[in-house]
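Please open the structure in a viewer and keep the selection panel at hand. The stops below proceed from a single element outward to the whole chain.

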Amino acid sequence: MTHAESFPKREHLVKTKDFRRAYKEGACFKKEPLALYRVANNLGENRVGFAVSARSIKLAARRNRIKRLLREAYRKTKNELRQGFDIVFSVRKNPAGPIKYEHLKKIFLELAGRADLLA
RNA sequence: AACGUGGACCGGGUGAUCGCUUUCGCCGAAAGGCGGGAGAGGAAAGUCCGAGCUCCAAAGAGCAGCGUAGCGGCUAACGGCCGCCCGCCGAAAGGCGCGGAUAAGAGCCACAGAGACGAGUCUUCUCUCCGAAAGGUGAGAAGGGUGAAACGCGGCAAUCUCUACGCGGAGCAAGACCAAAUAGGUCCCGAUCAAGGCGCGGCUCGCGCCUGUUGAAUUUCAUCAGCAUCGGGACGGGUAAGGUCGCAUGAUCCCGCCAGCAAUGACGGGACAAGAUAGAUGAUCGCCUCAUCCUGCUUUCGGGCAGGAUAAGACAAAACUCGGCUUACAGGUUCACGUGAAAA
RNA sequence: GCCCGCGUAGCUCAAUUGGCAGAGCAGGACACUCUUAAUGUCAAGGUUCCAAGUUCGAUUCUUGGCGCGGGCA
């Protein structure tokens, strides 16, 4: 059995096509510096992708950290979310100052609430 | 000890819970599950050099072009490293240096200055000659001023050039295989035999390769047209960041010993150490020691103690692989060396 | 990942054997006008992306950084 808080490859959004579809057709919710795109898929479970702009955030280490923290926030809360969506988290602008997990998680939860994803 | 100089090394440790990538074993028809192992750096960075490797059919010579530049050595190779010489900086330990060209030539040296590189003379003095004198001709010497440089076989070759040596081009998104899907394209230009064309990604030589077929119309040449082939260009359609390999045992790392001033090499023994592809190393909570800042107390004014805060806190993360260089970097460990001034 | 190109006034760009950094637009002041626009005149505006080096002298040449833009299946 899969553990409740695991996040295997199957749940990752991978294809460029899927990302394009989310941007184009999905509903968009923003709160600096994060943006959430949500579109229904017909798979019965969620797939999630994280996009961090390399143009505005130069340091690879910083980009990696933002992705990991977002992934962690998703992993911890995935059981409280409604299923059957493709979700993309996009970070376009470089947030000022150090990146804190607690801070990102707050924004994450707020956006998830606004996107009507919380069960 | 203080200040300084040059190397070498580290740049958290440990425990718990959840999670990721990969590999091995077991279970399972499969999806997957369980257990064990492994999992970022000294710069992984910039992409500045040098290689391996792959493709361009094959990769020759000369020229052009590009690169390097004291001498010698090391190396697979290098623009790297080591030793020595020279120049400059430093009191010293040391540091820095695109550090060839007196042989052939071209170009430039603004402004200022009389004059800026073989053309001449602004001022003064001496001598000679002409002249009554003022002054002038010629020769020599010195000085002032300008300027970076003032007559000297000037300076600039990080201006062309010359000399010596080296260099074919592109790059793992190279390239190979497999699968699926659609199409089995359209248009333009050139070539198709005795002299041409194409290739050797710049040119020449040299070398190699190619030149089929039908018809107009008849033996050949030449010309034209069709088909076919080859080369180049433009457009259209389809699929899409598809999968596997390349892809990690290597100029590898560690230890010992020998040769060498050294870089480095030989020998012996041991080790196997990330492999992702929207891109794996993370999150939370403890403890330990370190650092920085703030507050308070204390002091022999160097510091010490207590509490609190800060993301163990700097620079920053593999993307075919190595050897270097360069740049960024909180803090710490260690070895060797120097000592002028100031302070003690 | 690899390979290219570009940084000059607020903006768009010039500047060659290395020798006083300029043009157009925008902005400012003045004139003209009842007022505005247009037009004319005037002045201002620069660490030539940064730092070293060569040179008497660097936007230009050399080296190293920083920033920006593009291409490659």
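Begin by selecting L104, F108 and A112 of chain A: these residues of helix α3 are buried. They span an arc of only 70 degrees around the axis, which places them on the same side of α3. The model is a predicted one, and burial here requires 20 or more other C-beta atoms within 10 Å of a residue's own.

Next, extend the selection to the whole of α3, residues 101–114. At 1.5 Å a residue, its 14 residues should span 20 Å, and the end C-alpha atoms are indeed 20 Å apart, so expectation and model agree. Turn to the face directed away from the buried side; the exposed residues E102 and G113 are found there. Following α3, select D116, which has a positive phi near 60 degrees.

What covers the buried residues of α3? Part of the cover is α2, residues 60–77. Keep α2 displayed and add β3 and β4: α2 lies across both strands and runs at about 155 degrees to β3.

Now display the sheet as a whole. It is open, consists of four strands in the order β1-β2-β4-β3, and has mixed pairing. The edge positions belong to β1 (27–31) and β3 (47–52), each of which pairs on one side only. From one strand to the next, the twist averages 15 degrees.

For a closer view of one pairing, select β1 together with β2, residues 34–40. These two strands pair in the antiparallel sense, over five bridges. One point to inspect is K30, whose bridge partner in β2 is A35.

The remaining helix to select is α1, residues 16–25. Helix α1 lies across β2, β3 and β4 (85–91), and its direction is at about 100 degrees to β2.

Finally, show all of chain A. It contains three helices and four strands, arranged along the sequence in the pattern α-β-β-β-α-β-α. The radius of gyration is 14 Å, close to the 14 Å that the globule rule gives for 119 residues, so chain A is as compact as a globular protein of that length. Along the principal axes, the C-alpha atoms fill a box of roughly 40 × 30 × 25 Å. Of the 119 residues, 18% count as buried. Among contacts with a separation of 6 or more, 81% join residues 24 or more positions apart.

Technical notes. Residues numbered from 1 in each chain as written. Chains lettered and ligands numbered in written order. Predicted model: local features only at pLDDT ≥ 70, side-chain atom pairs only at ≥ 80, totals over all residues. Rg over C-alpha atoms; globule rule 2.2 N^0.38 Å. Buried ≥ 20, exposed ≤ 12 C-beta atoms within 10 Å, placed from the backbone. Contact = placed C-beta atoms within 7 Å. Expected span 1.5 Å × (residues − 1). Arc of directions from axis to C-beta. Pairing = 2+ DSSP bridges. Axes fitted to C-alpha atoms, helices over the stretch in contact; angles between N-to-C directions.
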